[in-house]
Amino acid sequence: MNLNTGQMLHDYFEAKRIRRAALARLLDINLPSLMAYEKKESIHTHRLLEISKHLQHNFFMDIAQQLPADYTTAEDLFAEKNQ
């Protein structure tokens, strides 16, 4: 399994036509710093959470969906639906 959060962000930004300069301003960072996140294979979780909040997109769920189905979680997200 190869997880590359930079590529994940890049693909999302491209698909949704996210204006990187505007997002950088929201994150209070400069544009080259934001663009560097797209080139790295990993990102700090607090920064990914900030990006998720500003874009209202759950990148953590995108990551979770890449994990094998037999991996466990602390909470069954579908317990209510399954009843």
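**Exercise 1.** How are helix 2 and helix 3 oriented to each other?

*Solution.* The model is a predicted one. Start with the axes: those of helix 2 and helix 3 come within 8 Å and cross at roughly 105°. Angles of 65 to 115 degrees count as roughly perpendicular. Helix 2 and helix 3 are therefore roughly perpendicular to each other. Next, list the residues that make the contact. Helix 2 contributes Arg-20, Ala-21, Leu-23, Ala-24 and Leu-27, and helix 3 contributes Leu-31, Leu-34, Met-35 and Glu-38. Last, sort them by type: seven are nonpolar, none is polar and two are charged.

**Exercise 2.** Find the angle at which helix 1 and helix 3 pack, and describe the residues that meet there.

*Solution.* The axes of helix 1 and helix 3 are 6 Å apart, and the packing angle is about 115°. On the helix 1 side stand Gly-6, Gln-7, Leu-9, His-10 and Phe-13; on the helix 3 side, Leu-34, Tyr-37 and Glu-38. By type, this contact divides into four nonpolar, three polar and one charged residue.

**Exercise 3.** Determine whether Glu-38 is buried or exposed, and list its contacts beyond four places in sequence.

*Solution.* Glu-38 lies in helix 3. Its relative accessible area is 12%, and the cut-off for buried is under 20%, so Glu-38 is buried. With neighbours within four places in sequence left aside, Glu-38 is in contact with Gly-6, Gln-7, His-10, Phe-13 and Arg-20. Glu-38 takes part in the contact of helix 3 with helix 2 and also in the contact of helix 3 with helix 1.

**Exercise 4.** Assign the buried and exposed residues of helix 4 to its faces, and name the helices that its buried residues pack against.

*Solution.* Helix 4 covers residues 45–55, and its buried residues are Arg-47, Leu-48, Ile-51, Ser-52 and Leu-55. These residues span an arc of only 140° around the axis, which puts them on the same side of helix 4. The spacing follows a general rule: an α-helix has 3.6 residues a turn, so residues three or four places apart point the same way. The face turned away from the buried side carries the exposed residues Thr-45, His-46 and Lys-53. The packing partners of the buried residues are helix 1 (5–16), helix 2 (20–27), helix 3 (31–39) and helix 5 (59–64). After helix 4 comes Gln-56, with a positive phi near 50°.

**Exercise 5.** For Ser-52 and Leu-55, list the contacts beyond four places in sequence.

*Solution.* Take Ser-52 of helix 4 to begin with. Ser-52 is buried at a relative accessible area of 8%, and its contacts are His-57, Phe-59 and Phe-60. Leu-55 touches Tyr-12, Phe-13, Ile-18 and Leu-23.

**Exercise 6.** Describe the largest nonpolar core: its best-connected members and the elements that supply it.

*Solution.* The core has 17 residues, of which Leu-9, Phe-13, Leu-23, Leu-34, Ile-51, Leu-55 and Phe-59 touch the most other members. Helix 1, helix 2, helix 3, helix 4 and helix 5 each give two or more residues. Helix 1 supplies the largest share, four residues.

**Exercise 7.** Place Lys-40 in the structure, and give its accessibility and its contacts.

*Solution.* Lys-40 sits in the loop between helix 3 and helix 4. With 47% relative accessibility, Lys-40 counts as partly exposed. Beyond four places in sequence, Lys-40 touches Asn-4, Thr-5 and Gly-6. Lys-40 and Glu-50 are 10 residues apart in sequence, and their C-alpha atoms are 17 Å apart.

Technical notes: Residues are numbered from 1 along each chain as its sequence is written. This is a predicted model: local features need pLDDT of at least 70, side-chain atom pairs count only at pLDDT 80 or more; totals for chains, interfaces and linings use all residues. Side-chain values use heavy atoms; hydrogens and water are left out. Buried means under 20% relative accessible area, exposed over 50%, partly exposed in between (1.4 Å probe, protein chains only). The arc is that of the directions from the helix axis to the C-beta atoms. Contact means heavy atoms within 4.5 Å. Axes are lines fitted to C-alpha atoms, for helices over the stretch in contact, and angles run from 0 to 180 degrees between N-to-C directions. Angles under 35 degrees count as roughly parallel, over 145 as roughly antiparallel, 65 to 115 as roughly perpendicular and the rest as oblique. Ala, Val, Leu, Ile, Met, Phe, Trp, Tyr, Cys and Pro count as nonpolar, Asp, Glu, Lys and Arg as charged, and the others, Gly among them, as polar. A nonpolar core is a set of buried Ala, Val, Leu, Ile, Met, Phe, Trp, Tyr and Cys residues joined through side-chain atoms within 4.5 Å.
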